[in-house]
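I opened the notebook today to look up a few things in this model, going from strand to strand and then to the ligand. My entries follow in the order in which I checked them.

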Amino acid sequence: MHKIIAATQIASDVRWLKIDAPLVARACQAGQFVIVRLDDNGERIPLTIAGTDPARGCIDLVIKAIGKTTIALCQLGAGDLIRDVAGPLGKPTEIVAGKHAAVVGGGVGAAVILPIAAALKQASSRVIALTGGHTRDAVLLEIELSRVCDRVIACTDDGSYGFSGTVADCLRDLIAGGDRLDIVYTAGPVPMMRAIAELTRPHAIRTIASLNPIMVDGTGMCGGCRVSVGGQVRFACVDGPEFDAHAVDFGELSERLSAYRSQEQLALRRWNDEHGRLCTRP
Ligand SMILES: Cc1cc2nc3c(=O)[nH]c(=O)nc-3n(C[C@H](O)[C@H](O)[C@H](O)COP(=O)(O)OP(=O)(O)OC[C@H]3O[C@@H](n4cnc5c(N)ncnc54)[C@H](O)[C@@H]3O)c2cc1C
Ligand code: FES
């Protein structure tokens, strides 16, 4: 059992949980994730380790409520317990030293780029962060990113805050403006990561995407997280979750992510019925 030490609502549908998980906190590196099971009957879902405090034995999870398990997790508070937190899983991010890097996050992808940005800075790279959302409420972790980056640009699709446009529009402007970039790291919705990859490809800027396929066991055994990279089958849980964005088959990733939509909607309807219709999404 893992105790929730603190819980903060950081957007209307996003919650930040600080969880007691000393072994994970001690071993974790940027880019890694945990597989969480809320209770004995719960499904296993992967969540990025957004931060660690090895001295206190805590890890940070930033969770967007989109379906049955994430909605249930987002309703927990300090003192509540989570059944299993397995990890750290996945390969750590490859961190470049002394380079010019951009970290680009869409929505809750900001939770993925935060520890990467901190590790890049630690390795004396210059780091620009782009964090974006549809509206101002959906722009996440701007303050936390500004503590570890040289520059942070918040982007909103509706122009209500910061740069007016998507993170891809902003990155396009940075490149067109002659900003030197040796490497780009990106995490967020699949169409966004694909747009970033297509932007950097003609400039031959190395681009690494943190993929978010459906995962089950997180050990390379079930095949649920199969992705195609450069025409090869890879398992995101053990070979990734980060891959060369210019080689990823994003179309296949999108299709596989929606394969169980009707079952997910049914599970959410049942959960809502049992819990008094606490949420109507998705
Ligand atoms: C390596 C990795 C790190 C992630 N980190 C974060 C994070 O830090 N914060 C966060 O909010 N989300 C993160 N996710 C996504 C998160 O796992 C899904 O939102 C969650 O599994 C959805 O479960 P649900 O029951 O709430 O929704 P469901 O109704 O089950 O699913 C809604 C949608 O979520 C996706 N999904 C469903 N099950 C899984 C699964 N087991 N694994 C991955 N995607 C799934 C599908 O696209 C699905 O259509 C991460 C995913 C991966 C692969
Ligand atoms: S989650 Fe089962 S193989 Fe990756």
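Entry 1, the short strand beside E11. I began with Cys-155, whose bridge partner in strand E12 is Phe-163. Since I am working from a predicted model, I keep in mind that everything below is computed from predicted coordinates. The pairing of E11 with E12, which covers residues 163-164, is parallel and rests on 2 bridges.

Entry 2, from E11 back to E10. I then looked at the other pairing of E11 (residues 151-156), and found that 6 bridges join it to strand E10 (residues 126-133), with the two strands running parallel. Between these strands the chain passes through helix H4 (residues 142-148), and I noted that this β-α-β crossover is right-handed. For the register I wrote down two pairs: Leu-130 has Ile-153 in E11 as its bridge partner, and Thr-131 stands opposite Ala-154 in E11.

Entry 3, E10 and its surroundings. Is E10 enclosed by the rest of the structure or left open? I counted it as largely enclosed, because 7 of its 8 residues are buried, and for that step I used the cut-off of under 20% relative accessible area for a buried residue. E10 also pairs with E9, again in the parallel sense, and here I found 7 bridges. In this pairing Ala-101 stands opposite Val-127 in E10. Helix H3 (residues 110-122) belongs with these two strands, as E9, H3 and E10 make a right-handed β-α-β unit.

Entry 4, the loop ahead of E9. I went to the loop between strand E8 (84-89) and strand E9 (100-106), where Lys-99 is found, and where Gly-98 has its place too. Lys-99 has 37% relative accessibility and therefore counts as partly exposed; Gly-98, at 48%, also counts as partly exposed. Leaving aside neighbours within four places in sequence, I listed Ser-124, Ser-125, Arg-126 and Asp-182 as the contacts of Lys-99. With residues up to four places away likewise not counted, Gly-98 touches Ala-123, Ser-124 and Ser-125. I also took two C-alpha separations: Lys-99 and Leu-120, 21 residues apart along the chain, are 8.6 Å from each other, while Gly-98 and Arg-256, 158 residues apart along the chain, are separated by 37 Å.

Entry 5, the antiparallel sheet. I next traced an open sheet of 5 strands, which come in the order E5-E6-E2-E1-E7 with antiparallel pairing. Strand E5 (51-53) and strand E7 (81-82) stand at its edges, and because each has a single partner strand, one side of each is left without a neighbour in the sheet. Within this sheet I looked at strand E1 (residues 2-11) and strand E2 (residues 14-20), which pair in the antiparallel sense over 6 bridges. The pair I noted there is Gln-9 with Arg-15, its bridge partner in E2.

Entry 6, helix H8. Which residues of H8 (residues 250-257) are buried? I found Phe-250, Glu-252 and Leu-253 to be so. They cover an arc of only 160 degrees around the axis, which puts them on the same side of H8. Among what covers these buried residues I recorded helix H6 (190-200), strand E14 (206-210) and strand E15 (226-229). At the start of H8, I saw that a side-chain oxygen of Asp-249 reaches to within 3.3 Å of the backbone nitrogen of Gly-251.

Entry 7, the ligand. Which residues come nearest to ligand 1? Of the 23 residues around ligand 1, I wrote down Glu-43, Pro-46, Lys-64, Thr-70 and Met-215 as the nearest. I then checked polar contacts with its oxygen atoms, and found a polar side-chain atom of Glu-43 at 2.5 Å from an oxygen atom of ligand 1. A polar side-chain atom of Glu-264 lies 2.8 Å from an oxygen atom of ligand 1, whereas for Thr-69 it is a backbone N or O atom that lies 3.0 Å from an oxygen atom of ligand 1.

Key:
Residues numbered from 1 in each chain as written. Chains lettered and ligands numbered in written order. Predicted model: local features only at pLDDT ≥ 70, side-chain atom pairs only at ≥ 80, totals over all residues. Heavy atoms only, no water. Buried < 20%, exposed > 50% of the residue type's maximum accessible area, 1.4 Å probe, protein only. Arc of directions from axis to C-beta. Contact = heavy atoms within 4.5 Å. Polar contact = N/O pair within 3.5 Å; in protein donor to acceptor, adjacent residues only side chain to side chain. Pairing = 2+ DSSP bridges. Right-handed = clockwise from strand over helix to strand, strands pointing away. Near = heavy atom within 4 Å.
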